[in-house]
Amino acid sequence: MRIRIDPDRCQGHARCFAISPELFEVDEYGYSSLRVEGDVPPQLEEKARLAVANCPEFAIEELA
Amino acid sequence: MDWATDFDVLDPRYVGDPFPIWDELRRSCPVAHSSRRGSNWLPTRYEDVTAIAHDVAHFSSMEVAVIPFEGEEPEEPVLPYGLPPISSDPPLHTWTRRLLLPWFSHKKVATYEPLTRQLCRRLVAGLAPAGRADAAADYAQQIPVRVIAHILGVPAELSDTFTGWVRDVLEFADEPERRFAGMQALIRYFLSELERRKGEPGEDLLSVLLQTEVGGEPLDHALVLGTAALVLIAGVDTTWSAIGSSLWHLATHEGDRKRLLAEQELWPLAIEELLRAYSPVTMARIVQGDVTFAGCPMKAGDRVLMNFPAANRDPAVFEEADKVLLDREHNRHIAFGSGIHRCAGSNLARMELRVALEEWLAAVPDFSLEEGAEVTWAGGQVRGPRSLPVVFG
Ligand code: HEM
Ligand code: SF4
């Protein structure tokens, strides 16, 4: 599983970071970036899916 | 009343129990209209509210008050920049928002947590011996204003005065004189605080903004003033309303209260769910140029009420939207808005809500509404209980 954050959509709600600080980090303006490169570690896949489903800006997508 | 063509957000039925009204509107007329206090539109679907929030070219933030301010603009307005960033559009919005965001980042908010916890613990300890309290006025209302006072570097002893001004501005829209006087008093106070800091700056938000330069120039004082006023106005009523509504829910839902006490891991989901279900804040936008939206002929100057609370109850997005499910896992709520104006204080608000509920439940695990006593609600721009009499045990 791979995910991507669209920086143009992210508005810093920090929901992703609250769900998984292992996968996401937020800067001092609240904008989120990925902490992992490539595949999401299997044990974090569930959290990645939750982040996708809870971002109010639809800024995180699962790549096919 | 015909809610579809003549709604009134200050009607006691709307303030007290808006949920069935929104459900009906979503089915029959998802963007309602009213000609009371000018031409106003009221969307109730998630899809529509988020679309409008993202279309800043057609829907300006130049006026965000749900009930228009009455009275004439003075020739030289005291706040020529309004209350940036909330009442501004890009480009002013973009850089004034960046001035504020670092004060409410995740890391910064963690530094405000100990004082928030101490405050909550002290407040609830003071209430415990009586065995009863007004959970809104004696507890919820006392918390956010003191945290904001700390951030702005103004005395916590003046908290009741600050609360009074903010309530005058936000809650008494039907009394234009009271509203105007509240805003005037607030501005006059911050003007004198700015003056004082010119000589002896501290490390608070006001002092730092005064010393901030943008493009080699210090910030205009009117801009600092507007931003300081905004932080007080936006940070107090809103958060206290969220705390109050959550306590109302826990007073009336014993099962949820017990679950929160027993299941620590439930908390992050529960906080988001309480924010969704009892979203306190509605904002406004002003239509720029005639535009047809969702079949509605909107005219330049019309007001659109950004009904984030109704969007959060939309069954097209949330399963069992009208039920509070503390373990709701899919919860894309927009209690803090959507798009470029996303609440700059959302990290702070979440922390305050969580800590306030943690400390209350730790001291008062069991409580319920006092029989025969009345719960009262404020509404319009910010919805939440203003009197919430509860008994302990
Ligand atoms: C539960 C509590 C709160 C709720 C529900 C809430 C809600 C909102 C909403 C819906 C907006 C968007 C306004 C719009 O789209 O026009 C907003 C903006 C804002 N809020 Fe909050 N708020 C809360 C607490 C706070 C706190 C504690 C602060 C502290 C400073 C704060 C400061 C702001 C600011 C500065 C903006 C303007 C952001 C911008 O325009 O870019 N809010 N808030
Ligand atoms: S939840 Fe979405 S909008 Fe919020 S920080 Fe994460 S990616 Fe950005």
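Two residues are in contact when heavy atoms of theirs lie within 4.5 Å. The model is predicted, so that local features need a pLDDT of at least 70 and side-chain atom pairs count only at pLDDT 80 or more, whereas totals for chains, interfaces and linings use all residues. Residues are numbered from 1 along each chain as its sequence is written, chains are lettered from A and ligands numbered from 1 in the order of writing, and side-chain values use heavy atoms, with hydrogens and water left out.

In chain B, 58% of the 393 residues count as buried, that is, with under 20% relative accessible area for a 1.4 Å probe and protein chains only. The largest nonpolar core, a set of buried Ala, Val, Leu, Ile, Met, Phe, Trp, Tyr and Cys residues joined through side-chain atoms within 4.5 Å, has 88 residues, and B:Y139, B:L152, B:F190, B:W360 and B:F367 have the most contacts inside it. Helix α12 of chain B (residues 221–252) gives the most to this core, with 16 residues; helices are DSSP runs of H or I of at least four residues, numbered from the N terminus. Leaving aside residues up to four places away in sequence, B:F367 touches, among others, B:L247, B:L250, B:A251, B:W360 and B:F392. A second, separate core of 22 residues includes B:M283, B:V291, B:F293 and B:F318.

The iron atom of ligand 1 has B:C343 (SG) as its only protein donor, at 2.3 Å, where donors are N, O and S atoms within 2.8 Å of the metal (3.2 Å for Na, K and Ca) and sites may look incomplete because water is not among the atoms. B:C343 is placed in the loop between α15 (308–311) and α16 (346–363) of chain B.

Key: Buried < 20%, exposed > 50% of the residue type's maximum accessible area, 1.4 Å probe, protein only. Helix = DSSP H or I, 4+ residues; strand = E, 2+ residues; numbered from the N terminus.
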